[in-house]
Amino acid sequence: GQGSGSVGDQTWLYVPSTLKYGDRAPVVIFLHGFACLYPSLYRTHIAHLVQQGNIVIFPQFQKSTLGGFLQEAGLGQVADQNIWAQRAVDSVAQVLTQLGDQVQQDEIYLYGHSLGGLIALAWQANGGVPVNAIVLSHPQVNAQEGMPPFVRAFLKIIEIPWRDYAPSISAPVIILNGNEDTIAPVSQSEEILSLLQSVPSKVLYVAQRDAYGYPKISPNHGAPLDDIKGLPDHLKFFNISGELDALDYRYYFAGLDAVMDGWRDELPFDLGTWSNGRAVKPVQQFH
């Protein structure tokens with residue numbers, strides 16, 4: 001890692017011992033969710049990507065010290081989301097320069113969970129490196145969604161004008177959401193989809209809750225997170241769970257893998273079957 005948690009530009013870099021193409025590799029820019037500042041929260045997904053010979057860059061674009069974090073949440077002073085977006089763009093540009101010829105330039109992908117999805121929507125407008133495709137996982141574009149009114153009253157947030165940026169985005173966009181997300185509801189993803197006017201392709205996938213067997217399939221806002229031991233109370237409060245389950249491997253991991261393999265549409269999702277052979281509810285696709 002490099003940069004500093006107190007400044008808000010700490011960056012983790014994962015380079016596999018064997019690059020996918022020998023001397024070069026595709027790159028995934030992994031953009032974290034609000035308060036999900038650490039790669040350990042996504043450790044299995046990152047390991048999955050690296051094991052395939054891909055390079056992963058994980059910019060921590062929010063301050064990780066407690067005081068810094070509260071400040072950036074908009075408590076007591078104005079939080080500017082545009083600064084986060086610029087930090088992410090700058091940190092990644094620096095790392096890509098360091099990697100030099102190891103980067104397969106036409107295979108750079110953006111993957112953003114929750115707030116990371118909003119940062120991804122601001123990527124191009126902030127001068128981010130051109131990317132081959134953008135995968136938004138439960139993108140959260142409304143800073144105050146899910147927050148109770150008594151908290152909202154204290155928050156001072158300068159929001160990213162993503163509705164102004166979306167029409168100019170020129171890379172294919174794939175959105176992965178779930179019908180159990182109350183923080184970044186599917187309706188929000190539908191609005192994002194409707195504003196992408198310059199993309200060569202766009203599609204929204206929605207995983208369905210299925211509690212037929214155990215453990216249940218629960219595509220809530222925290223579903224893209226890994227197994228979190230002792231989930232912090234502030235995340236429980238947002239109706240987020242963190243399990244490593246079939247949904248991770250067969251939906252989020254598989255979705256990004258397919259996009260990196262060139263799929264843009266009709267992604268080949270297979271959520272498998274319950275122990276008695278009954279199929280898990282399929283992923284829905286919308287355009």
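Let's start in the middle of a sheet: Tyr-109 stands opposite Ala-133 in β6. This is a predicted model, so what follows is a tour of a computed structure. The stops are two buried strands, the aromatic rings, the nonpolar cores and a few odd backbone spots.

**Strand β6 and its partners**

- Tyr-109 belongs to a parallel pairing, since five bridges join β5 (103-113) to β6.
- To get from β5 to β6 the chain goes through α4, and the β-α-β crossover it makes on the way is right-handed.
- β6 covers residues 133-137, and five of its five residues are buried.
- Which residues of β6 point which way? Ala-133, Val-135 and Ser-137 go one way, Ile-134 and Leu-136 go the other, and all are buried.
- That fits a general habit: in a regular strand the side chains alternate between the two faces of the sheet.
- β6 also pairs with strand β8 (residues 173-178), again in the parallel sense, over four bridges.
- Within that pairing, Val-135 stands opposite Ile-174 in β8.

**Strand β3 and its partners**

- Strand β3 runs over residues 55-59 and is mostly covered, with five of its five residues buried.
- Ile-55, Ile-57 and Pro-59 sit on one side of β3, Val-56 and Phe-58 on the other, and both faces are covered.
- How does β3 pair with β1 (residues 11-14), parallel or antiparallel? The pairing is antiparallel, over four bridges.
- Trp-12 has Phe-58 as its bridge partner in β3.
- With strand β2 (residues 25-31), β3 pairs in the parallel sense over three bridges.
- Here Val-28 has Val-56 as its bridge partner in β3.
- The link from β2 to β3 passes through helix α1 (residues 43-51), giving a right-handed β-α-β crossover.

**Aromatic rings**

- Trp-12 and Phe-58, the bridge partners from β3's antiparallel pairing, turn up again in one aromatic cluster along with Phe-30, Tyr-38, Tyr-42 and Tyr-111.
- The count for the whole model comes to twelve aromatic pairs.
- Why does the pair Tyr-249 and Phe-253 count as edge-to-face? The ring centres are 5.0 Å apart and the planes are at 70°, and planes over 60 degrees apart count as edge-to-face.
- Tyr-249 and Phe-253 both lie in helix α9 (residues 246-260), four residues apart, or about one turn of the helix.
- The two rings' residues differ in cover: Tyr-249 is partly exposed at 43% relative accessibility, whereas Phe-253 is buried with a relative accessible area of 1%.
- For a charge meeting a ring, look at Arg-278: its charged end sits over the ring of Tyr-212, 3.7 Å from the ring's centre.

**Nonpolar cores**

- In soluble globular proteins, nonpolar side chains tend to be buried together.
- In this model the largest nonpolar core has 45 residues, and those with the most contacts inside it are Ile-29, Leu-31, Ile-119, Trp-123, Ile-134 and Trp-162.
- Which helix gives the most to this core? Helix α3 (residues 81-99) does, with eight residues.
- Another core lies apart from the largest one; it has 37 residues, among them Tyr-109, Leu-247, Leu-271 and Val-280.
- Ile-134 of β6, then, is in the largest core, while Tyr-109, which stands opposite Ala-133, is in the other.
- Neighbours within four places in sequence aside, Trp-162 is in contact with Leu-118, Leu-121, Val-141, Glu-191, Ile-192 and Leu-195.

**Backbone spots to look at**

- The peptide bond from Tyr-214 to Pro-215 is cis, with omega near -10°.
- You'll find Pro-215 in the loop between β9 (202-207) and α8 (233-236).
- Ser-114 isn't a glycine, yet it has a positive phi of about 60°.
- Ser-114 is in the loop between β5 and α4 (115-121).
- Is Ser-114 buried or exposed? Its relative accessible area is 6%, so Ser-114 is buried.
- Glu-266 is another residue other than glycine with a positive phi, in this case near 50°.
- The loop between α9 and β10 (284-286) is where Glu-266 sits.
- Glu-266 counts as exposed, at 52% relative accessibility.

Definitions and conventions:
Residues numbered from 1 in each chain as written. Predicted model: local features only at pLDDT ≥ 70, side-chain atom pairs only at ≥ 80, totals over all residues. Heavy atoms only, no water. Buried < 20%, exposed > 50% of the residue type's maximum accessible area, 1.4 Å probe, protein only. Pairing = 2+ DSSP bridges. Right-handed = clockwise from strand over helix to strand, strands pointing away. Phe/Tyr/Trp six-rings, centres within 6.5 Å; stacked < 30°, edge-to-face > 60°. Lys NZ or Arg CZ within 6 Å of the ring centre and 35° of its normal. Core = buried A, V, L, I, M, F, W, Y, C linked by side-chain atoms within 4.5 Å. Contact = heavy atoms within 4.5 Å.
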